Amino acid sequence: MLRGDRTRRSTDRALRSNAFEQSLQALVIVDRESSVVGLNHAAERLTGWSRAEARGRPAADVLEVRTETGVNLCAANGPLRRALRQGKAVDTHFAYLFRFRTSDEPVRVSYSVAPIRDGNDVAAVLVAIHDVTPELEIIQAKDALMLAASHELKTPVTTLKGLSELLLDFDLTEPQRRELLQDLHGQVNRMERLIADLLDVSRIDAGRMSIELSSVEVGPVIDHACEEVRPLLQQRPLRRSVPAALPPVFGQSQKLHQILVNLLTNAIKYSPDGSPVELSVTADREQVHFGVRDQGVGIRSEDLPRVFHKFYRAEDPVVRRIPGTGLGLYIVRSLVDMLGGHVDVRSQYGKGSVFTISLPRVQADRARRRAAVAAS
Ligand SMILES: Nc1ncnc2c1ncn2[C@@H]1O[C@H](COP(=O)(O)OP(=O)(O)OP(=O)(O)O)[C@@H](O)[C@H]1O
Ligand SMILES: [Mg+2]
């Protein structure tokens, strides 16, 4: 044999062994006697068994893996023995790996058992185990959102049904009919907003919310947001303290609009008729700060950390009388994060609240990027 061939073969062997050792998937080799022959780093971490301790032990000691229906990987008629006896590969999606050795909680895993043949005979099996906890968390979050969405949509749909029945079943005067239609229109608007918010949340959670950053003139966005909330104001004055010349922010105008409308809507919703709502904007060398202040119900200090959580609404009966889903501030915080900004809230229960968002200025952002490039 040529020396070059020998060197290549030993390099190939080393690569194969490294691939086994360094695979991110937990891999365990089990021989015909159902004893563990080897396991890689990932399998050591997942099972809690070191290689030295596991080698030569019955696979059942190291791999206590059961499906929800009780199928045991290493049982006499389980997938491992079947793979060894009949050369059958098995793929299972949801199972638990029990870790008696470390007394850690069982891990949700998927596993596959693949026979390793030597000629016609099955010489061993390779068990590959994958920790599916992160995938399951995503599925559970989606289920929770789905459930909450159905629940939240049920209320306006029930109201719509009632209103449409009244319109169909009764002889109504023209003013009565108009009043019912106006209610109906209000409910449809509420549903439309709710669906838009739910879609935003699902995009945010899936990491699919697209943001295109560019230089944004702040003035027109503020005007537009104030216009949009004007019909909600009733008797409340909306005071604006906005300097004529403001530096542009590095962001996206539609997202900034959405953030401001959410904060202004809350300030209006959670304060009594007639009490003022204030929007003030200031700039420093790095950022532009937008403050939305109200003199409304306020937020208890122990609830402050939760106001940005999905579906959070205060237990306060005053708040619960006002329609809402608890998604607005979750969306606000997610958007502000995506824009590279910061959101802050201060509040006094019974006195009022002020929400402040700070977004990077275009100049400051360029300077930061130049500094990052220079440092790298
Ligand atoms: N300006 C405010 N004053 C007092 N409480 C507030 C204010 N803004 C928010 N909150 C509290 O935080 C909760 C969450 O606000 P968020 O905007 O996320 O949801 P929401 O207004 O209830 O519903 P929506 O999804 O329609 O916005 C509110 O239900 C309320 O308890
Ligand atoms: Mg809100």
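Here a biologist asks and a modeller answers about this predicted model.

Biologist: Let's start with the layout. Which domains does the domain assignment give for the protein?

Modeller: Keep in mind that the model is predicted. The assignment splits the protein into domain 1 (3-131), domain 2 (133-209) and domain 3 (213-376).

Biologist: How far apart do the C-alpha centres of domain 2 and domain 3 lie?

Modeller: These two domains touch, with nine residues from domain 2 and nine residues from domain 3 in the contact. Even so, their C-alpha centres are separated by 25 Å.

Biologist: Which helix gives the most to the side of domain 2 that touches domain 3?

Modeller: There are two helices to look at here, α6 (133-169) and α7 (174-205), and each supplies at least two residues of that side. By class, the residues of that side come out as five nonpolar, no polar and four charged. The top contributor, with six residues, is α7.

Biologist: On to the ligand. Which helix gives the most to the shell around ligand 1?

Modeller: The shell holds 22 residues, and the closest are Tyr270, Ala314, Gly324, Gly328 and Leu329. Both α9 (253-269) and α11 (328-338) put in at least two residues each. With three residues, the biggest share comes from α11.

Biologist: And how many residues of each class, nonpolar, polar and charged, does the shell around ligand 1 have?

Modeller: We're sorting the 22 residues that surround ligand 1. The split is eleven nonpolar, eight polar and three charged.

Biologist: Now the open sheet with five strands: which strands stand at its edges?

Modeller: The order runs β8-β10-β11-β13-β12, with mixed pairing. A strand with a single partner has one side left without a neighbour in the sheet, so the edge strands are β8 (238-241) and β12 (342-348).

Biologist: In β11, which residue is the bridge partner of alanine 283?

Modeller: Strands β10 (residues 277-283) and β11 (residues 287-294) pair in the antiparallel sense over seven bridges. One of the bridge pairs joins alanine 283 to valine 288.

Biologist: What about the helices that lie across these strands: at about what angle does α9 run to β11?

Modeller: Two helices are worth a look. Helix α8 (residues 218-229) lies across β8, β10 and β11, and its direction is at about 170 degrees to β10. Helix α9 lies across β10, β11 and β13 (352-360), and its angle to β11 is about 20 degrees.

Biologist: Last one: by how many degrees are neighbouring strands of the sheet β8-β10-β11-β13-β12 turned against each other on average?

Modeller: Here direction is ignored, and the average turn between neighbours is 15 degrees.

Notes
Residues are numbered from 1 along each chain as its sequence is written. Chains are lettered from A and ligands numbered from 1 in the order in which they are written. This is a predicted model: local features need pLDDT of at least 70, side-chain atom pairs count only at pLDDT 80 or more; totals for chains, interfaces and linings use all residues. Domain bounds come from an automatic or database domain assignment. Two residues are in contact if their C-beta atoms, placed from the backbone, lie within 7 Å. Helices (H or I, at least four residues) and strands (E, at least two) are DSSP runs, numbered from the N terminus. Ala, Val, Leu, Ile, Met, Phe, Trp, Tyr, Cys and Pro count as nonpolar, Asp, Glu, Lys and Arg as charged, and the others, Gly among them, as polar. A residue is near a molecule or strand if its C-beta atom, placed from the backbone, lies within 6 Å of it. Two strands pair if DSSP finds at least two bridges between them. Axes are lines fitted to C-alpha atoms, for helices over the stretch in contact, and angles run from 0 to 180 degrees between N-to-C directions.
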